[in-house]
Amino acid sequence: MSDVPSARRPAGELEAEVLAALWSARQPMTPQDVQTALGGDLARTTIATILARLHDKGTVERTRAGRAYAYTPTVQDTAGLAARRMHTELGREADRSTVLARFVSDLSAEDEQLLRELLGDGAPGSAGAP
């Protein structure tokens, strides 16, 4: 067994890099386009696998581009990605009310106030206040 540390990336890092390339392109990209945008260090098959996984998660959509697919993100930034993950987790539970109640109970005071303002139930000056 080798004492050389593994060169494996942390989970999700490659997906984040691929999404960043798609976001910066602002147009559909094939796996080869993404490979070029990332500097060519990763195999095209690795990128194609990552794009297929992102498609399965609903994070990208794809259209035929010759013999390959061209991919477009369905979320526009990291905030949208985080919101999608939160929504996915909420959808996994039958008792949504309890999940939301526990989520809100763990918010900081600042985050709770921000959520109230976003929902139009906050202090004067909030989006929903008269």
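Colleague: How many bridges join β1 to strand β2, and do the strands run parallel or antiparallel?

Modeller: This is a predicted model. Six bridges join β1 to β2, which covers residues 68-73, and the strands run antiparallel. Within that pairing, R62 stands opposite Y71 of β2.

Colleague: Which residue in the hairpin of β1 and β2 takes a positive phi?

Modeller: G66 does, with a phi near 70°. The hairpin has two residues between the strands.

Colleague: Where do these strands fall in the pattern of the protein chain, read along the sequence?

Modeller: The pattern is α-α-α-β-β-α-α-α. The protein chain has six helices and two strands.

Colleague: What does A65 of strand β1 contact, leaving aside neighbours within four places in sequence?

Modeller: A65 is in contact with T30 and A70. A65 and T30 are 35 residues apart in sequence, and their C-alpha atoms are 7.6 Å apart. T30 is found in the loop between α1 and α2, the latter spanning 31-37. With its neighbours within four places in sequence set aside, T30 has contacts with A65, Y69 and A70.

Colleague: Are T30 and A65 buried or partly exposed?

Modeller: The cut-off for buried is under 20% relative accessible area. T30 has 17%, so T30 is buried. A65 has 35%, so A65 is partly exposed.

Colleague: What share of the contacts with a separation of 6 or more comes from residues 24 or more positions apart?

Modeller: In the protein chain, that share is 38%.

Colleague: Next, the core. How many residues does the largest nonpolar core have?

Modeller: The general idea comes before the case. In soluble globular proteins, nonpolar side chains tend to be buried together. Here the largest nonpolar core has 16 residues. Those with the most contacts inside this core are V18, L19, L22, V34, L51, L54 and V60. The elements giving two or more residues to this core are α1 and α3. Helix α1 gives the most, with five residues.

Colleague: What does L54 touch, not counting residues up to four places away in sequence?

Modeller: L54 touches E15, V18, L19, T59 and V60. Of these, V18, L19 and V60 are also listed with L54 among the core residues with the most contacts.

Colleague: What percentage of the protein chain do buried residues make up?

Modeller: Buried residues make up 20% of the 130 residues.

Colleague: E15 appeared among the contacts of L54. With which residue does E15 form a salt bridge?

Modeller: A salt bridge is read from a distance: a side-chain nitrogen of Lys or Arg must lie within 4 Å of a carboxyl oxygen of Asp or Glu. E15 pairs with K57, and their closest N and O atoms are 2.9 Å apart. E15 lies in helix α1 (residues 13-25) and K57 in the loop between α3 (44-56) and β1 (60-65), so the pair ties together parts that are 42 residues apart in sequence. E15 is buried, because its relative accessible area is 17%.

Colleague: How many salt bridges does the count come to by this rule?

Modeller: The count is three. Another one joins E89 to R92, with the closest N and O atoms 2.5 Å apart. E89 has a relative accessible area of 44% and is therefore partly exposed. R92, at 60%, counts as exposed. There is also a salt bridge between R116 and E112, where the closest N and O atoms are 3.0 Å apart.

Colleague: How far apart are R116 and E112 in helix α6?

Modeller: R116 and E112 are four residues apart in α6 (residues 109-118), so about one helical turn separates them. R116 counts as partly exposed at 36% relative accessibility, and E112 counts as partly exposed at 28%.

Colleague: Turning to the surface, which residues make the nonpolar patch of about 260 Å²?

Modeller: The patch is made by M86, F103 and V104. A residue needs over 30% relative accessible area to belong to a patch. M86 has 47% and is partly exposed. M86 is placed in helix α4, residues 78-91.

Colleague: What area does the protein chain expose, and what percentage of it do carbon and sulfur atoms supply?

Modeller: The protein chain exposes about 9500 Å², of which carbon and sulfur atoms supply 52%.

How values were computed. Residues numbered from 1 in each chain as written. Predicted model: local features only at pLDDT ≥ 70, side-chain atom pairs only at ≥ 80, totals over all residues. Heavy atoms only, no water. Patch = residues over 30% accessible without salt bridge, like charges linked within 9 Å, V, L, I, M, F, W, Y side chains within 5 Å. Areas by Shrake-Rupley, 256 points an atom, 1.4 Å probe, with all protein chains shown as cover. Buried < 20%, exposed > 50% of the residue type's maximum accessible area, 1.4 Å probe, protein only. Core = buried A, V, L, I, M, F, W, Y, C linked by side-chain atoms within 4.5 Å. Contact = heavy atoms within 4.5 Å. Pairing = 2+ DSSP bridges.
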